[in-house]
Amino acid sequence: MAVHCSRRPRAAPAPPHARVLPEKEPTVIDLTIDPQGRTHNIHKARENRVIIPTIAQMCHPETIPEKIQAALTDVGLWDVNPLNLFRITWKNEARPSGGLFQPVPNYLELPPSLTGVPARIIAMVGKWFPTGCHKVGAAFGCLAPRLVTGQFDVQRHKAVWPSTGNYCRGGAFNSKLLGAQGVAILPAEMSRERFDWLHSIGAEVIATPGCESNVKEIFDKTNEMKRDPSSMIFNQFEEMGNPLWHFNVTGNALADLFEAIRRPGERFAGACFTSGSAGTLSAGDRLKELYRDLKLAVGEALQCPTILNNGFGGHRIEGIGDKHIPWIHNVRNTDMAIAIDDDDPLRLLRLFNTPEGQAFLRHELLLGDEMCEKLTWMGISGIANILCCIKMAKYYELGERDVVATVLTDSAVMYGSRIQELNDTLGAYSEREALRDFCLRLQAQKTDHMLELNYPMRQRVHNLKYYTWVEQQGRTEAELRALWYDPENTWDAVHAQADALDELITAFNAEADVAL
């Protein structure tokens, strides 16, 4: 049974005696039209032959017009071609070129021989998005509202994408397709492959000090650029277009996947997502609407346990950032925090992506060629997501009728240099080392460094937003309180804006009148 983009009745707001009403209207996505900017964008779309997909088409790509589908058969997945906007969906065929769409998202199910738990662990795959990463979707969710309203004017503005790695790649890709100048801001210690790709697509690249957890330095550079009126910032940690996209597209795709693979008597028991921008956690919001007993966990690096115990520090799980709570994290809906030692996903990256590691998997675990190939579809943060699922399954003693799901943000494509660094540091890999990594980094996962969040704990995490967003980034206390006490007019209202956005996209396309 396919799950459609319609939404269930919204949860009731907190009781009046517990609420502090906002001093002004809560923040949702501003869809105010700027006529001049919109006209400029329509002309640019006509010039570059750009047709913009709707959120509904991303949920249901089979509804994409036949002419567009026919044209896509000649387009590579990573090609800088505006038609690839229609491949911003979880339901692409797993083909590097010419692929169309399928009813069930690409996914990986890890066998119990790998995970060490009887529960089924499934992961939707980001590798088959343009750029090889689902962050191109979050970037679309942030850009599309301002593009079709004209608030972002392609003739006047540069699109600035602050990121810990993949989001700025998606933003730079979308900017290139639309004929706009993209500016990528990311930490200097991210993988070499990310920087090489960004330069290849013509993005302006700004490297800020530090590693994945140095988000404050990214914000400092962003605030500096805000003083230039030609720079428009698309801050994934704050932009409500990010959760709008994940709630409607990722959340419904995960539900479609579960309904497609479920066996009689099985239940959707849990979902785990590491917190980069926290956008994917909004997919969990949708799942909790559809599956009321589902547990939602947020993962982070043990070396920077901000949620777990207000901790801080550097870490190496590329693609997630810490030392703050993203504005767009709906903490009210988060049931558990899980910390992952960053050494574990890195060692497992080498296990899954070297000849010696794959030989061990084939000879000792008797994994077939197809499974070994699919294990390369996991990047560092995706492996961390899988480890979160394993820890959740062990904590709740989940059984063979329980399903736990996550997403794989990207694949190993962006991390060849990291594998080489491990070889240089630790020495050449061997099947003996593969056995050690399998036992210590995968099978030996425990229920340590986990925290089940009750109401006061969730509120404690939410209140940490004050120190980043109110003190440093210009948000108000009223807005912060509204996110906690008034979900109906904040989170629910944003999720429901997909329909209004689609209407604006449809009108924009009609005026651009691009013919294929």
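This report walks through two sheets, a buried threonine and the nonpolar cores of the structure above. Keep in mind that the model is predicted.

**The seven-stranded sheet**

Let's start with the sheet of 7 strands, which is open and has mixed pairing. Reading across, the strand order is 1-2-10-7-8-9-11. At the edges sit strand 1 (107-110) and strand 11 (450-452), each of which pairs on one side only. On average, neighbouring strands here are turned by 25 degrees against each other, direction ignored.

Helix 9 (residues 241-261) packs on this sheet. The helix touches strand 1, strand 2 (120-125), strand 7 (267-274) and strand 10 (402-408), and its direction makes about 135 degrees with that of strand 2.

Further along the order, strand 8 and strand 9 are partners in the parallel sense. Within that pairing, E300 has A339 in strand 9 as its bridge partner.

**The four-stranded sheet**

The other sheet to look at is an open one of 4 strands, with parallel pairing and the order 5-4-3-6. Its edge strands are strand 5 (204-208) and strand 6 (231-233), and each has a partner on one side only. The average turn between neighbouring strands of this sheet is 25 degrees, direction ignored.

Helix 7 (residues 192-200) packs on this sheet, where it touches strand 4 and strand 5. The direction of helix 7 makes about 170 degrees with that of strand 4.

How many of the 5 residues of strand 3 are buried? The count is 4, so to speak a mostly covered strand. Strand 3 runs parallel to strand 4 and also parallel to strand 6. On the strand 4 side, A159 stands opposite G182; on the strand 6 side, K158 stands opposite S231.

Here are the parallel pairings from both sheets, with their bridge counts:

| Strand pair | Bridges |
|---|---|
| Strand 8 (295-301) and strand 9 (336-340) | 5 bridges |
| Strand 3 (158-162) and strand 4 (182-187) | 4 bridges |
| Strand 3 and strand 6 | 3 bridges |

**A buried threonine in a loop**

Now back to the neighbourhood of strand 9. T334 lies in the loop between helix 11 (306-309) and strand 9. Is T334 buried or exposed? T334 counts as buried because its relative accessible area is 1%, and the cut-off for buried is under 20%. Its side chain makes a polar contact of 2.9 Å with the side chain of H329. Setting aside neighbours within four places in sequence, T334 is in contact with L296, V298, H329, L453 and R458.

**Nonpolar cores**

The largest nonpolar core has 105 residues. Which of them touch the most other members? They are I55, F140, F152, F234 and W245.

Take I55 as an example. Not counting residues up to four places away in sequence, I55 touches F140, L244, W245, N248, V249, A498, L501 and D502. Another core, of 56 residues, lies apart from the largest one, and its members include L110, M336, L348 and C372.

How values were computed:
Residues numbered from 1 in each chain as written. Predicted model: local features only at pLDDT ≥ 70, side-chain atom pairs only at ≥ 80, totals over all residues. Heavy atoms only, no water. Pairing = 2+ DSSP bridges. Helix = DSSP H or I, 4+ residues; strand = E, 2+ residues; numbered from the N terminus. Axes fitted to C-alpha atoms, helices over the stretch in contact; angles between N-to-C directions. Contact = heavy atoms within 4.5 Å. Buried < 20%, exposed > 50% of the residue type's maximum accessible area, 1.4 Å probe, protein only. Polar contact = N/O pair within 3.5 Å; in protein donor to acceptor, adjacent residues only side chain to side chain. Core = buried A, V, L, I, M, F, W, Y, C linked by side-chain atoms within 4.5 Å.
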